[in-house]
Amino acid sequence: MEITEIQVDGYERVARCRDEESGLHGLVAVHDTTLGPALGGMRMLPYMSEDEALFDVLRLSKGMTYKSAVADLRLGGGKSVIIGDPAQAKSPELFRAMGKFIDDFGGKYITAEDMNIGIADLENVKESTKWVVGLSRESGSSGNPSPYTAKGCHHGLRAVMEELFGAPTFEGRSVLIQGVGAVGGTLAVLLKESGANVTICDIDGGKVDRMCSEHGFSSIEDAGHHTFECDVYAPCARGAGLNDDTIPALRCKAVAGCANNQLLKPEHAEALKSRGILYAPDYVINAGGIINVYMELIDGGYVEEAALERIATIYNNLKKVFEIARTKDVNTREAAARLAEMRIDSARAAK
Ligand code: NAD
């Protein structure tokens, strides 16, 4: 196994691992550990080149620094990628080798599930390093993050309602959820229980029908859903839904949902602000999963009640973001970045 360093400005450590025996070609990027060890998932993709994989791991690890800082966790940002086709190149040896590579970071990088990586893969990683979180509840870990992401999103939506209407309540408010999967489906139920009028859409029509007959939601076609008039539009399916085509046609007062990378480009945050639409930055409102997994690292280990209490702080974090946006007259994406940087800078100054 050969581990080589890659020098990248602004990153604490970036390294590549090549292992002939297992076929591993992986990268780990640690962006910043001012607030704590760099936690971030491992993904496996058939990248066309190492440069493409490097671009991804650098972008994602920096994103994790900001996500954990805004969530007010004692965590930094990191990420790892395995270059390879997940349908063909997976083997226990590959993941054990990846575990050895991660172990070389001595706890500065902690891994978890991400795209194309499952619990079984992480079990193999764990044979070579203890720096793995997000395994099954049965193994003493925090388990499936999705219900916690949904709960966190619900707390975030309370802050959205307060910013829009002066009270953190849902009674009589209308919410459109696109994507009723693991997170969006749970969120829809939580919102209905809180008194919201919930409308759903999804490319999976069967799922929509089942959810409507079980819970009494209304539904609309997925095509053109963004033009639906509502108080809050909650994208909970895929990224890039907020773009030059959709933003001018929105008829909501706020966009706030769990989907990652909702803005096609950073400048779309400004486009939403210009239209007077409140945007809850995705990585702030969808932090329930990372907060849940973080609680494994707390002294005494994972306790669900403590995790739920911590997840509720997404309400406060979003309120801070909205306050910075209001008082500094910046868009909410910029406000979230400022909040993260303030927290990192003050931790750095205190060291
Ligand atoms: P999921 O796969 O369980 O659900 C996604 C749902 O969206 C499915 O019902 C699917 O049919 C639907 N969908 C997919 N493409 C669509 C499209 N083009 N139009 C309409 N509907 C579409 O996924 P999930 O775990 O619920 O995650 C949803 C989003 O939240 C993703 O963007 C994910 O990255 C993000 N997220 C999830 C978590 C988590 O804990 N699961 C944490 C943070 C962020």
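The following questions and answers walk through a predicted model, its sheet, its helices and its empty spaces.

Residues are numbered from 1 along each chain as its sequence is written. In this predicted model local features need pLDDT of at least 70, side-chain atom pairs count only at pLDDT 80 or more, and totals for chains, interfaces and linings use all residues, while side-chain values use heavy atoms, with hydrogens and water left out.

Student: Which strands are the edge strands of the open sheet?
Tutor: Helices (H or I, at least four residues) and strands (E, at least two) are DSSP runs, numbered from the N terminus, and two strands pair if DSSP finds at least two bridges between them. Six strands form the open sheet with parallel pairing, in the order β10-β9-β8-β11-β12-β13. An edge strand pairs on one side only, and here the two are β10 (218-219) and β13 (278-279).

Student: Which residue is the bridge partner of V232 in β12?
Tutor: Strand β11 (residues 229-235) runs parallel to strand β12 (residues 251-255), and four bridges join them. Along β12, C252 stands opposite C230, and the partner of V232 is A254.

Student: Which residue of β13 is the bridge partner of V255?
Tutor: Strands β12 and β13 run parallel and are joined by two bridges. In β13, the residue that partners V255 is Y279.

Student: What angle does helix α6 make with β9?
Tutor: Contact means heavy atoms within 4.5 Å, and axes are lines fitted to C-alpha atoms, for helices over the stretch in contact, with angles from 0 to 180 degrees between N-to-C directions. Helix α5 (residues 182-193) lies across β8 (174-178) and β9 (197-201), running at about 165° to β8. Helix α6 (residues 205-215) packs on the sheet, where it touches β9 and β10, and its direction makes with that of β9 an angle of about 160°.

Student: Which residues of α10 meet α4?
Tutor: The axes of helix α4 (residues 146-165) and helix α10 (residues 304-311) cross at roughly 35° and come within 9 Å. From α4 the residues in contact are Y148, K151, G152 and H155, and they meet, in α10, E304, L308 and I311.

Student: How far does helix α1 reach from its first C-alpha to its last?
Tutor: The expected span of a helix is 1.5 Å times one less than its number of residues. Helix α1 (residues 50-70) has 21 residues, and its reach, close to the 30 Å expected, is 30 Å.

Student: What is the volume of the largest cavity?
Tutor: On a 1 Å grid over the protein atoms alone, a cavity is a set of points where a 1.4 Å probe fits but cannot get out, and lining residues have an atom within 4 Å of a point. The lining consists of K67, V70, A71, Y283, V284, A287, I314 and N317, with at least two residues supplied by each of α1, α8 (282-285) and α11 (314-328). Grid points are joined across faces, edges and corners, and a volume is the space filled by probe spheres set on the points. For the largest cavity that volume is about 40 Å³.

Conventions:
1 Å grid on protein atoms, 1.4 Å probe; cavity = no way out; pocket = protein on both sides within 12 Å on 5 of 7 lines; lining within 4 Å.
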